[in-house]
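Student: I'd like to walk through this model with you, one question at a time. Can you keep the reasoning visible as we go?

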Amino acid sequence: MAYQHLLLELDGPVAVLTLNRPDLLNAFNDVLIEECTEAFRTLGSAREVRAVIVTGAGRGFSAGQDLEDVKRRREAGAPWSIAEHLREKYNPMIVAMRVLDKPIIAAVNGAAAGAGMSFALAADLRIASEHAKFLQAFVAIGLVPDTGSSWFLPRLVGPSVAFDLCATGRVVGAEEALRIGLVSRVVSAPVLMTAARALAMELARKSPAALARIKSMLNLSWSSDLGDALALEAQLQHEASQTPEYIQLVDEFLLRSERKK
Ligand code: LHQ
């Protein structure tokens, strides 16, 4: 599928989606948001794809909403509602990321600001280059967090740090991002994509059915109580244990243990 502002590369079981508006630090316009949503949905039914990487072309990851585009609309006098824009464009993209039953790795190569940071937070895990920086840029233009940031951020870094980041809009560099749990790894810029691809390949070798269930149970854990989580674990573990993969992997483990004796 050819997109206008999004590059899609298939590398065996790994799909790499690159936001491709480098002159604007990959700021989102309508087309880019729609293309991302479409790509996540398409990848959901691509059986050969087992892990997805999202990254940005050039020196930015994504600067969030394309503010030039917003200004153009205002100047054109076209009636435009931010609420509608969020409901019809950004929100479906975030939902498409969370319901995709495959792991999404955000390889954060540079600035992730506003909705660009939300986009990174909606991935299953984040790996950053030393040039990555995260900012809840909304407050600097008198807005509030959107595109999922108000939901993801407190869950990832706790309510106090989330408030700090949302209320100040300050820049979080790669090392701080690692320390506060925004990202799980930091690597040097030249090896970011190699590291992201290696991680994606590692995930691609795992049972896809197990990964889909892991994603689903962790999605639900964020809004469930302990009783619900225990019940869901029992149900999904039952389903996982009915798969041929489970029997085969346990047998292989026991065989390896036997050989060591
Ligand atoms: C940009 C942008 C940008 C256009 C850099 N747009 N051109 C949802 C619904 C509806 C409306 C509103 O918003 C939302 C959600 C949101 O995402 S709100 C938040 C929108 N994003 C921002 O406010 C971030 C604005 N950008 C920045 O703060 C900085 O550019 C960051 C920290 C991202 C990067 O700083 P630098 O590395 O110093 O780069 P730069 O500022 O020099 O930017 C490079 C170019 O990219 C520059 O253009 P130029 O022609 O001078 O090279 C910027 O104007 C352009 N650019 N962000 N969001």
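Student: In which sense do β1 and β2 pair, and over how many bridges?

Tutor: This is a predicted model, where local features need pLDDT of at least 70 and side-chain atom pairs count only at pLDDT 80 or more, while totals for chains, interfaces and linings use all residues. Residues are numbered from 1 along each chain as its sequence is written, and side-chain values use heavy atoms, with hydrogens and water left out. Strands here are DSSP runs of E with at least two residues, helices are runs of H or I with at least four, both numbered from the N terminus, and two strands pair if DSSP finds at least two bridges between them. Leu10 sits opposite Ala15 in β2, and β1 and β2 run antiparallel over six bridges.

Student: Which strands form the edges of that six-stranded open sheet?

Tutor: The order is β1-β2-β3-β4-β6-β9, with mixed pairing. An edge strand pairs on one side only, and that holds for β1 (6-11) and β9 (185-187).

Student: And what is the strand order in the open sheet of three strands?

Tutor: Its edges are β5 (111-113) and β8 (172-173), each pairing on one side only. β5 runs parallel to β7 (residues 133-135), joined by three bridges, and Ala111 stands opposite Lys133 in β7. The pairing in this sheet is mixed, and the order reads β5-β7-β8.

Student: Back in β2, is Leu19 buried or exposed?

Tutor: Leu19 lies in strand β2, and among the residues it touches (heavy atoms within 4.5 Å) are Leu32, Cys36, Phe61 and Phe119. Buried means under 20% relative accessible area, exposed over 50% and partly exposed in between, with a 1.4 Å probe and protein chains only. At 1% relative accessibility, Leu19 comes out as buried.

Student: Which residues touch the most other members of the largest nonpolar core?

Tutor: A nonpolar core is a set of buried Ala, Val, Leu, Ile, Met, Phe, Trp, Tyr and Cys residues joined through side-chain atoms within 4.5 Å. The largest one has 49 residues, and the elements that each supply at least two of them include β2 (14-19), α1 (30-44) and α4 (115-121). The members with the most contacts to other members are Phe40, Phe119, Phe134 and Leu182.

Student: How many residues apart in sequence are the parts tied together by the Phe40 and Phe119 pair?

Tutor: Rings of Phe, Tyr and Trp (its six-membered ring) pair if their centres lie within 6.5 Å; planes under 30 degrees apart count as stacked, over 60 as edge-to-face and the rest as tilted. Phe40 and Phe119 are 6.3 Å centre to centre with 45° between the planes, a tilted pair. Phe40 lies in helix α1 and Phe119 in helix α4, so the parts tied together are 79 residues apart.

Student: What kind of pair do Phe61 and Phe119 make?

Tutor: Phe119 is buried, with a relative accessible area of 0%. The ring centres of Phe61 and Phe119 are 6.0 Å apart and the planes stand at 35°, so the pair is tilted.

Student: Which residues form the one aromatic cluster with Phe119?

Tutor: Phe61, which is buried at a relative accessible area of 0%, belongs to it. Phe40, buried at 1% relative accessibility, is in there as well. The full cluster is Phe28, Phe40, Phe61, Tyr90 and Phe119.

Methods. Lists of a residue's contacts leave out its neighbours within four places in sequence.
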